[in-house]
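Biologist: I'm new to this one and could use a hand reading it. Can we walk through a few features together?

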Amino acid sequence: KLLLAIRLLIDVLIIRRLKIIYAKIFSEGYKKGDFHGQTILITGAASGFGRKLTLDFLKMDKNRAPANLILWDQNSLEEFENVVQNSDSTTVKIQIFTSRFDITDFSTLKTRIEDYQKSLNLQINVAILNAGIAGKGPFRQMSLEKYFKTIDINFTANVHITKHLMEYHSDSIKDIIYVSSVASYVNSGLGMSEYMPSKHAIRSFGECMAKEYKRCNPKTNFRVICPYFAATGILKGVDAKKIGNIPAMISVDDVTRSIFDMIYYDMDAFRALRFCVFFQGHTHWLSAQSYFVQPRWPGLACTQSLN
């Protein structure tokens with residue numbers, strides 16, 4: 001444990017800074033966060049991380065902003081159309097395509113992705129697969145319908161989206177980002193028996209895609225982000241006392257900034273470097289493909305650590 005603690009300090013004080021320096025010099029990602037002319041797909045865009053990402057894109061100046069935003073959610077997305085209509089002359093008028101539907105309707109999902117390419121002549125460049133839900137209560141009190149609904153939204157739908165993106169947008173797609181969770185590293189009776197397996201599954205799937213497509217389609221980056229428990233609506237149904245009184249949560253800004261950093265710094269360049277973290281008394285070796293966002297622990301210099 002002493003050696004692991006020493007390695008942790010070395011990573012915090014030295015290695016992470018070297019990573020950022022290397023990224024600034026050799027990054028092949030978007031330069032200076034430039035999404036100019038790109039088409040961005042965001043799922044779960046009406047709240048939480050998806051909403052904040054959308055607002056951040058809308059606030060970009062016209063030399064950096066994407067040309068199109070494709071927003072999916074089962075809730076209303078009218079807010080963003082009003083933001084664009086009221087934007088001032090310093091910002092670009094981003095074209096927004098909203099779809100309000102349940103992403104577990106897989107036939108509709110496929111039709112949407114196909115139509116963007118065939119009917120609207122849109123080529124998706126970045127997909128941020130953020131949609132997710134969490135149930136509440138123990139497994140023994142949960143219906144199978146509710147259990148598999150969480151699995152389908154958090155995992156299965158993202159498999160369908162990935163398949164259709166690589167089928168209809170393989171020439172244009174540069175980044176697919178899967179929003180997993182630190183919960184993917186925890187297996188515990190915390191009243192989240194459907195949420196944790198679903199987040200583990202999507203993290204594993206994203207890492208498998210990164211390895212597979214590195215050989216056959218290296219121009220597409222598959223990235224996974226694993227935020228610590230954040231202050232979003234997804235935790236409203238979870239009793240904190242039943243999950244060990246979760247310590248300080250990170251903010252939505254921490255996560256959205258990290259997603260931009262993944263693209264800006266081309267984080268896959270650091271696959272060889274791994275990082276160990278101490279989480280609720282356990283040591284977890286995080287996967288080389290995943291990007292871990294942790295809370296600001298006392299004495300810890302950064303909120304992000306790349307594996």
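Biologist: Which residue stands opposite Ile225 in E6?

Modeller: Val179 does. Keep in mind that this is a predicted model. Val179 belongs to strand E5 (residues 175–179), which runs parallel to E6 and is joined to it by five bridges.

Biologist: Is E6 buried or exposed?

Modeller: Buried means under 20% relative accessible area. Seven of the seven residues of E6 fall in that class, so the strand is largely enclosed by the rest of the structure. Both its faces are covered: Phe222, Val224 and Cys226 are buried on one side, and Asn221, Arg223, Ile225 and Pro227 on the other.

Biologist: What about Asn217, in the loop between H6 and strand E6: buried or exposed?

Modeller: Asn217 has 11% relative accessibility, so it counts as buried. Setting aside neighbours within four places in sequence, Asn217 touches Met166 and Ser170.

Biologist: How far apart are the end C-alpha atoms of helix H6?

Modeller: They are 32 Å apart. With 22 residues at 1.5 Å a residue, H6 (residues 195–216) should span 32 Å, so the two agree. Its buried residues include Tyr195, Ile202, Phe205 and Tyr213.

Biologist: And what is the sign of phi at Asn121?

Modeller: Here's the general idea: most residues other than glycine have a negative phi. Asn121 isn't a glycine, yet its phi is positive, about 55°. You'll find Asn121 in the loop between helix H4 (106–118) and strand E4 (126–129). A residue counts as exposed over 50%, so Asn121, with a relative accessible area of 62%, is exposed.

Conventions. Residues are numbered from 1 along each chain as its sequence is written. This is a predicted model: local features need pLDDT of at least 70, side-chain atom pairs count only at pLDDT 80 or more; totals for chains, interfaces and linings use all residues. Side-chain values use heavy atoms; hydrogens and water are left out. Helices (H or I, at least four residues) and strands (E, at least two) are DSSP runs, numbered from the N terminus. Buried means under 20% relative accessible area, exposed over 50%, partly exposed in between (1.4 Å probe, protein chains only). The expected span of a helix is 1.5 Å times one less than its number of residues. Contact means heavy atoms within 4.5 Å. Two strands pair if DSSP finds at least two bridges between them.
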